[in-house]
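Q: I have a new structure open and would like to learn how to read it. Could you walk me through it, one feature at a time?

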Amino acid sequence: MVVRAVNGEWRAARARRRDARDGEEGSPVQNFDHSQAPRISEHPASKTVTKGEPVTLNCKAVGKPEPSIEWYKDGQLVSSSGPQRMVLDRGTSLFFLSTRYGKKDSDSGVYWCVAKNELGQVTSNNATLEVAARGLFTPQISENVTGVLSENANLAPDSRMSRVI
């Protein structure tokens with residue numbers, strides 16, 4: 001068997017062989033599946049959620065053989081499962097049943113995934129998960145908007161919004 005790199009992909013081929021019984025040429029060269037180092041095809045996206053809400057971070061990778069995916073939070077490997085957090089779909093989704101917010105136990109942080117196979121590994125972009133206390137990011141319409149507007153002024157819809165802290 002011959003293994004060689006062609007355009008960044010590894011190819012395995014079986015050379016022609018002689019049949020010992022009759023001295024004739026055997027089968028021609030056969031190409032097997034192309035092996036390929038992992039590549040991230042979908043990076044996780046940053047999200048902001050309210051404490052207690054479910055949320056999913058996704059990471060998809062391609063490669064041959066199919067890469068395994070591991071998740072990291074703030075530099076530490078994320079355990080594959082827990083009471084409120086699960087790794088699903090062969091690692092492509094990190095699912096939080098109920099996000100936690102607090103000084104000791106919080107799901108807020110910087111997450112990324114690492115895709116690995118026998119030809120290498122690749123790290124995704126970072127995604128920030130921000131978990132807020134209930135009501136912190138709930139927009140509210142102000143009852144009284146005051147001020148002087150000129151003839152050419154534009155009032156953006158979110159300029160009437162305020163955060164409740």
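A: Gladly! Let us begin with a term that we will need for a network later on: a salt bridge is a side-chain nitrogen of Lys or Arg within 4 Å of a carboxyl oxygen of Asp or Glu. Keep in mind that this is a predicted model.

Q: How many salt bridges does that rule give here?

A: The count comes to six salt bridges. One of them joins the side chains of K60 and E42, with 3.5 Å from N to O. K60 belongs to strand β7 (residues 60-64) and E42 to strand β4 (residues 36-42), so this pair ties together parts that are 18 residues apart in sequence.

Q: Are K60 and E42 buried or exposed?

A: The general idea is to look at relative accessible area: buried means under 20%, exposed means over 50%, and partly exposed lies in between. K60 has 40% relative accessibility, so K60 counts as partly exposed. E42 counts as partly exposed too, because its relative accessibility is 29%.

Q: Which residues are linked in a network of salt bridges?

A: The network links R85, R100, D105 and D107. Let us take it pair by pair. The side chains of D107 and R85 meet in a salt bridge at 3.9 Å, N to O. This pair links distant parts of the chain: R85 is in strand β10, D107 is in the loop between β11 and β12 (109-117), and the two are 22 residues apart. In another pair, R100 forms a salt bridge with D105, and their closest N and O atoms are 3.4 Å apart.

Q: Where do these four residues stand on the scale from buried to exposed?

A: Both D107 and R85 are buried. R100 has a relative accessible area of 28%, so R100 is partly exposed. D105 counts as partly exposed as well, because its relative accessibility is 48%.

Q: R85 is in strand β10. What does β10 pair with?

A: To read pairing, look for bridges between strands. Four bridges join β10 to strand β11 (residues 93-96), and the two run antiparallel. Within this pairing, R85 stands opposite F96 in β11.

Q: What is the order of the strands in the sheet?

A: The order is β6-β11-β10 in an open sheet of three strands, with antiparallel pairing. Its edge strands are β6 (55-58) and β10 (85-88), each of which pairs on one side only. Neighbouring strands of this sheet are turned by 20° against each other on average, ignoring direction.

Q: Which residues make a nonpolar surface patch?

A: M86, L88 and L97 make one of about 220 Å². L88 lies in strand β10, and its relative accessibility of 34% is why L88 counts as partly exposed. When you look at β10, then, you can find R85, which is buried, as well as L88, which is partly exposed.

Q: Now that I know the details, what should I say about the chain as a whole?

A: Start with the elements: the protein chain has 16 strands and zero helices. Next comes burial, where buried residues make up 25% of the 165 residues. For the surface, the accessible area comes to about 11,500 Å², and 48% of it belongs to carbon and sulfur atoms.

Q: And what share of contacts joins residues at least 24 apart?

A: Among contacts between residues at least 6 apart in sequence, that share is 52%.

Definitions and conventions. Residues numbered from 1 in each chain as written. Predicted model: local features only at pLDDT ≥ 70, side-chain atom pairs only at ≥ 80, totals over all residues. Heavy atoms only, no water. Pairing = 2+ DSSP bridges. Axes fitted to C-alpha atoms, helices over the stretch in contact; angles between N-to-C directions. Patch = residues over 30% accessible without salt bridge, like charges linked within 9 Å, V, L, I, M, F, W, Y side chains within 5 Å. Areas by Shrake-Rupley, 256 points an atom, 1.4 Å probe, with all protein chains shown as cover. Buried < 20%, exposed > 50% of the residue type's maximum accessible area, 1.4 Å probe, protein only. Contact = heavy atoms within 4.5 Å.
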